[in-house]
Amino acid sequence: MTKPAALVTGSNGGIGQAIVAALHEAGWFVIGIDRNAINHAKCDAFINYDLADCCDEADFQTGCIDAILKAAGDRPIKALVNNAAVQILGSTEEIKPEEWHETLKVNLSAPFFMSQALLPHLHEAKGSILNIGSVHAQATKKRFVAYATSKAALHGLTRALAVDLGPHVRVNCLAPAAIATDMLKAGFEGKDEEFAALEAAHPVGRIGDCEDVAQAALFLLSSNTSFVTGCCFYLDGGILSRLHDPV
């Protein structure tokens with residue numbers, strides 16, 4: 001039996017690697033795409049492409065989509081996981097135009113153009129699109145203005161695509177809170193008290209790990225959720241339910 005193909009963007013980050021590994025173990029043929037050509041051992045095929053270039057139609061088609069179709073071969077493309085993202089921090093006064101545009105291109109435009117380009121294949125396979133959003137779409141903090149805006153728009157795109165593509169392609173969003181990626185842990189190096197406070201802020205008493213995200217992604221892509229579309233699933237450890245009073 002031919003394995004179904006799943007495409008995971010941002011496949012070399014902590015969350016991307018975990019999703020790739022979970023899909024691979026579950027029997028998918030996994031195609032990874034990332035601008036960094038490292039850490040893709042679990043991918044059955046890998047494409048080195050920078051999704052910041054997705055708005056260049058010709059380059060996107062030849063450098064990305066054609067490569068995906070070649071890698072998939074005769075396998076049905078049944079899942080697209082739009083995981084790639086950039087997080088450029090800065091206040092409203094500080095964010096530069098090029099930083100704003102890069103954020104929107106990678107975090108919002110690329111998921112749309114990937115979905116659009118692969119739609120005939122996803123439609124034929126009655127497949128599923130999973131966008132990796134963020135709790136920052138719902139509740140954010142200072143200096144996240146570009147990132148939070150892009151993720152809020154991605155959540156909106158999820159709902160719009162679900163309506164537009166139903167009943168042939170399901171579209172959902174998985175929105176994690178703080179996840180213990182190498183990047184996050186590096187930011188707390190030597191800051192044990194601050195890290196403990198971050199964990200304590202989550203009602204479950206810890207932050208998430210990459211495997212939490214991977215297993216939730218696997219669930220949302222599975223046939224067990226065939227009635228779920230247009231959903232933004234918050235994998236947040238309860239933090240969005242918690243009121244933080246100043247006193």
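Let's start with D50, which forms a salt bridge with R35 in this predicted model. The closest N and O atoms of that pair are 3.9 Å apart, which only just meets the 4 Å cut-off. Where do D50 and R35 lie? D50 is in the loop between β3, residues 45–48, and α2, residues 57–72. R35 is in the loop between β2, residues 29–34, and β3, so the pair ties together parts that are 15 residues apart in sequence.

How accessible are the two partners? D50 is partly exposed, with a relative accessible area of 26%, and R35 is partly exposed too, at 44%. There is a third residue to mention here: R35, D50 and E102 are linked in a network of salt bridges.

If you have the structure open, please move on to D182. Its salt-bridge partner is K185, and the closest N and O atoms are again 3.9 Å apart. The setting is a helix this time: D182 and K185 both lie in α5, residues 182–187. They are three residues apart, about one turn of the helix. D182 is exposed, with a relative accessible area of 63%, while K185 counts as partly exposed at 42%.

Next comes D212, which forms a salt bridge with R206, and here the closest N and O atoms are 3.0 Å apart. Both ends of this bridge are partly exposed, with D212 at 24% relative accessibility and R206 at 38%. For the whole model, the count comes to five salt bridges, and I've picked out a few of them for today.

Let me finish with some helix packing. At what angle do α1 and α7 pack? Helix α1, residues 14–25, and helix α7, residues 210–221, pack at about 50°, and their axes are 8 Å apart. That angle makes α1 oblique to α7, and the crossing of α1 past α7 is right-handed.

Which residues make the contact? From α1 we have G14, I15, A18, I19, A22 and L23. On the α7 side they are C210, E211, V213, A214, Q215, A217, L218 and L221. And what is the character of that contact? Eleven of its residues are nonpolar, two are polar and one is charged. The charged one is E211 of α7, and the polar two are G14 of α1 and Q215 of α7.

That's my tour, thanks for listening, and I'm happy to go back to any of these spots with you.

Key:
Residues are numbered from 1 along each chain as its sequence is written. This is a predicted model: local features need pLDDT of at least 70, side-chain atom pairs count only at pLDDT 80 or more; totals for chains, interfaces and linings use all residues. Side-chain values use heavy atoms; hydrogens and water are left out. A salt bridge is a side-chain nitrogen of Lys or Arg within 4 Å of a carboxyl oxygen of Asp or Glu. Helices (H or I, at least four residues) and strands (E, at least two) are DSSP runs, numbered from the N terminus. Buried means under 20% relative accessible area, exposed over 50%, partly exposed in between (1.4 Å probe, protein chains only). Axes are lines fitted to C-alpha atoms, for helices over the stretch in contact, and angles run from 0 to 180 degrees between N-to-C directions. Angles under 35 degrees count as roughly parallel, over 145 as roughly antiparallel, 65 to 115 as roughly perpendicular and the rest as oblique. A crossing is left-handed if the near helix is turned anticlockwise from the far one by less than a right angle, and right-handed if clockwise. Contact means heavy atoms within 4.5 Å.
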